[in-house]
Amino acid sequence: MAVKGTTIKEALAKFEEKNECKASEAESVKLDSQIPPIEKMDASLSTLVNCLNLSLSTNAIEKIANLHGLKNLTILSLGRNNIKSLNGVEAVAETLRELWISYNFIEKLKGIQVLKKLEILYMSNNQVKDWGEFSKLSELPNLRVLLFVGNPLEEKHSLEGDYRDVVAQELPKLKKLDGVPIIRSDEEDEG
């Protein structure tokens with residue numbers, strides 16, 4: 001018999017017990033590594049009205065969902081799940097500044113362009129293969145930090161030696177790529 005996953009409601013109850021506070025009042029809610037893992041981002045998330053930082057990493061979530069009530073969310077951490085697309089993230093487009101979504105199965109970046117306030121995107125070890133998808137990141141006016149190592153696109157172009165140059169050109173406001181600062185020739189001239 002398959003073990004049923006932990007629900008968000010059950011995980012929130014554990015969180016409240018452990019932290020001795022109401023999840024609905026907490027600014028930081030960490031529901032990482034639940035046993036058994038969380039499989040669905042259910043409607044219980046909408047109770048987290050004060051949440052600035054939500055972490056659901058290391059679970060078995062397949063879809064981003066039910067973020068509509070999180071009107072103050074600035075950091076969303078969904079690393080190490082089974083997420084295949086960014087559908088659902090638009091619900092927090094007005095406030096989200098950091099998206100941590102490494103170690104998932106994301107191939108397409110459809111929908112990312114709504115995250116106009118996004119400054120930090122950690123999406124290493126996903127499945128992005130082509131520059132057409134990658135170029136959607138150029139529609140993020142505030143993106144400063146990108147972790148993209150471990151995607152097929154990065155692996156292929158790092159071998160060819162042109163990866164950092166192409167990314168720097170594609171994302172002119174990027175300050176750090178894969179943990180390394182981007183030095184631009186125009187900045188050297190000013191220095």
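This is a short walk through one predicted model, from its core out to a few odd spots in the backbone.

Okay, let's start in the middle. The largest nonpolar core here has 52 residues. If you want landmarks, the residues with the most contacts inside that core are Leu54, Leu99, Ile101, Leu121 and Leu137. Two elements give two or more residues to it, namely helix H1, residues 8-19, and helix H4. H1 brings the largest share, four residues.

Let's click on one of those landmarks. Which residues does Leu137 touch, once we set aside its neighbours within four places in sequence? There's Leu109, Ile112, Leu121, Leu143, Leu146 and Leu171. And yes, Leu121 was on the landmark list too.

Now over to H4, which covers residues 163-170. Its buried residues are Tyr163, Val167 and Ala168. Those three span an arc of only 125° around the axis, so they sit on the same side of H4. Turn the helix around, and the face away from that buried side carries Asp165 and Gln169, both exposed. What do the buried residues of H4 pack against? The partners are helix H2 at 131-134, helix H3 at 152-160 and strand S7 at 176-177.

Next up, aromatics. The count comes to three aromatic pairs. Take Trp100 and Tyr122: that pair is edge-to-face, with 4.9 Å centre to centre and 70° between the planes. Trp100 is in strand S4, residues 98-100, and Tyr122 is in strand S5, residues 120-122, so this pair ties together parts that are 22 residues apart in sequence. Both rings are partly exposed, Trp100 with a relative accessible area of 36% and Tyr122 with 25%.

Another edge-to-face pair is Phe134 with Phe148, at 5.0 Å centre to centre and 80° between the planes. Here Phe134 belongs to H2, while Phe148 sits in the loop between strand S6, 145-147, and H3, so the pair links parts 14 residues apart in sequence. Buried or exposed, these two? Both Phe134 and Phe148 are buried. They also join up with Trp131 to make one aromatic cluster.

Quick word on cysteines. The disulfide count is zero. Take Cys21: the nearest cysteine sulfur is that of Cys51, and it's 11 Å away. Why does that rule out a bond between them? A disulfide needs the two sulfurs within 2.5 Å. Their surroundings are worth a look as well: Cys21 is partly exposed at 32% relative accessibility, whereas Cys51 is buried at 0%.

Last stop, the backbone. Most residues other than glycine have a negative phi, and most peptide bonds are trans. So here are some spots to look at against that background.

Ile35 and Pro36 are joined by a cis peptide bond, with omega about -10°. You'll find Pro36 in the loop between strand S1, 28-30, and strand S2, 53-55.

Then there's Glu20, which isn't a glycine but has a positive phi near 50°. Glu20 lies in the loop between H1 and S1, and it's exposed, with a relative accessible area of 74%.

Tyr103 is also not a glycine, and its phi is positive too, about 55°. Tyr103 is in the loop between S4 and S5 and is partly exposed, at 38%. One more thing about that residue: Arg80 lies over the face of the Tyr103 ring, 3.9 Å from the ring centre.

That's my tour, thanks!

How values were computed. Residues numbered from 1 in each chain as written. Predicted model: local features only at pLDDT ≥ 70, side-chain atom pairs only at ≥ 80, totals over all residues. Heavy atoms only, no water. Buried < 20%, exposed > 50% of the residue type's maximum accessible area, 1.4 Å probe, protein only. Arc of directions from axis to C-beta. Contact = heavy atoms within 4.5 Å. Core = buried A, V, L, I, M, F, W, Y, C linked by side-chain atoms within 4.5 Å. Phe/Tyr/Trp six-rings, centres within 6.5 Å; stacked < 30°, edge-to-face > 60°. Lys NZ or Arg CZ within 6 Å of the ring centre and 35° of its normal.
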